[in-house]
Amino acid sequence: MSDYVVRPSASFRGRIDLPGDKSISHRSVLFGAIAHGTTRVHNLLEGEDVLATVASFRNMGIVIRKKGRVWEIAGKGLGGLRSPEAILDCGNSGTTMRLMLGLLAGSGVTATLTGDASLNARPMGRVIDPLRSMGATIFEMTETRSTLGENIRLIEVRGGGIRGGAFKIPMASAQVKSALLLAGLMAGRKVSVTEPLKSRDHTERMLKAFGARVKVKGLTVTVEPVERLKAQQVFVPGDFSSAAFFLVLGLIGAGKGRLVVRNIGLNPTRVGALEILKKMGGRIRVLRKKTVCGETVGDLEARPSRLKAVTIGGGLIPRLIDEIPILSVAAAAAEGRTVIRDAGELRVKETDRIAALAAELPRFGVSVKERKDGLEVTGSRGTLKAAEGNSYGDHRIAMSLAVLGSIAPGTTRIRETDCVATSFPNFTALMRKVGAKISETQ
């Protein structure tokens, strides 16, 4: 296991390009596999989560290879997948498992899925139950691996039997919504999904780009049957969730810093954190805005700012749920008490992120009150101090604490940071490029 060692820096500056958006990377591989022809993907995120999706489709007979910087997926159409001989290992990727459950439920394929200890502990009933209501045959089992002395969860999906119709889901979840839409698409059934709040819409956008018949009306998305999807050239923008760490770093730095992250996806359903950081007084500008493959893309510039506390909650939460750990760091450096509410979903991520932040931020001198559905963070740069922190095996906790350590006086150590490879393999290299004093040690 590796750790981060971080020391404070005077300021942060530079222009950097970030890895591809994780959500779009997953979907480009998925839709490429079930389209006709060869899909070429530029700037695919090569983190462990996306590579778990790649490996799963290879196990189902899809040829996927990398040529230079471009990934090629030789699609076999909506009916081209084969039942894998091996268990599909989703690793730590909830997106891989949840989207694959929907895809397989609507296909003629039988497959068994599992993940690592963290993923196997996360709830899957939120996607399995609605899929069963559509007619899916899904079994959950526990198997003991005697050589390792541990129990693992196995989920078997026997494709077929999916019924069309209109379905309501109780939570705003892009993964659950996508799973149901994929089940209908693969089964050739018209499916409508209504959610209580608007969640990320990458699935809808990419389905349209690949030739699917998609209608969006308010909070309802409908996918109608099509004979085939057509292979595409996909240009994956930089991941906004990754950019958020550098935006906050640029805002909480000192001096005349100027940090620019280039070609970042600015999908309106993803950039709630950008709105919050501006509301906090963050000096952020959007530069060179354009549209690429149906997604809004631009450069983001962040300069040192005097941040103030805000309240975060309500309908904005689905648009920034993954950014709450780094927003909590911004709150720690802001003036006043920031309240985060309506974010109970954080308790069932890679770790219980509410409990993790409530435990770790006080180590750095930050006053935190844990709520059932969020946090209250009282910021004060004057009380910040270096600390020894724990990542809990969660990439977003690890990176957030690294950003906080970059302004905390003293030497900070963050334990067990190998998890960052799931979403951001070159995080430390880019941190150093903009002036952060961070290293990795065993």
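Tyr392 is partly exposed, with a relative accessible area of 31%. In this predicted model, that residue sits in the loop between S22 and helix H12, the helix that covers 395–405. Tyr392 also has a slightly odd backbone: its phi is positive, about 60°, although it is not a glycine. To put that in context, most residues other than glycine have a negative phi. Glu416 tells a similar story, with a positive phi of about 55° although glycine is not what it is. Its home is the loop between S23 and helix H13 (427–433). How exposed is Glu416? With a relative accessible area of 36%, Glu416 counts as partly exposed, because that label covers anything from 20% up to 50%.

Both loops follow strands that belong to one sheet, so to speak of them is to come to the sheet itself. Four strands make it up, and it is open, with the order S22-S23-S1-S24 and mixed pairing. At the edges are strand S22 (388–390) and strand S24 (437–441), each of which pairs on one side only. On average, neighbouring strands of this sheet are turned by 20° against each other, direction ignored.

Going across the sheet pair by pair shows where the mixture comes from. S22 and strand S23 (residues 412–415) run parallel and are joined by 3 bridges. One contact to look for here is Glu388, whose bridge partner in S23 is Arg413. Next along, S1 and S23 run antiparallel, again with 3 bridges between them. In that pair, Val6 has Thr412 of S23 as its bridge partner. Finally, S1 pairs with S24 in the antiparallel sense, over 5 bridges. Asp3 is matched there with Thr441 of S24. Strand S1 itself (residues 3–7) is largely enclosed by the rest of the structure, because 4 of its 5 residues are buried.

Helix H6 (residues 174–187) is another element that is mostly tucked away. Of its 14 residues, 13 are buried, so the helix is largely enclosed by the rest of the structure. From first C-alpha to last, H6 reaches 20 Å, close to the 20 Å expected at 1.5 Å a residue. Just after H6 comes Gly188, which takes a positive phi of about 70°.

What about the empty space inside? Rolling a probe the size of a water molecule over the atoms shows where such space is left. Across the whole structure, a search turns up 3 cavities of 30 Å³ or more. The largest cavity has a volume of about 460 Å³. Its lining is made of 31 residues, and Thr95, Gln175, Arg200, Asp322 and Lys349 lie nearest its centre. Which helices help to line the largest cavity? Helix H1 (22–34), helix H3 (94–105), H6 and H12 each supply at least two residues. Sorted by class, this lining comes out as 15 charged, 11 polar and 5 nonpolar residues.

There are pockets to look at as well. The largest pocket has a volume of about 330 Å³. Lining it are 13 residues, with Pro19, Asn43, Leu44, Glu46 and Lys66 nearest its centre. Here the classes split into 5 nonpolar, 5 polar and 3 charged residues.

Note on methods. Residues numbered from 1 in each chain as written. Predicted model: local features only at pLDDT ≥ 70, side-chain atom pairs only at ≥ 80, totals over all residues. Heavy atoms only, no water. 1 Å grid on protein atoms, 1.4 Å probe; cavity = no way out; pocket = protein on both sides within 12 Å on 5 of 7 lines; lining within 4 Å. Points joined across faces, edges and corners; volume = space filled by probe spheres on them. Nonpolar A, V, L, I, M, F, W, Y, C, P; charged D, E, K, R; others polar. Expected span 1.5 Å × (residues − 1). Buried < 20%, exposed > 50% of the residue type's maximum accessible area, 1.4 Å probe, protein only. Pairing = 2+ DSSP bridges. Axes fitted to C-alpha atoms, helices over the stretch in contact; angles between N-to-C directions.
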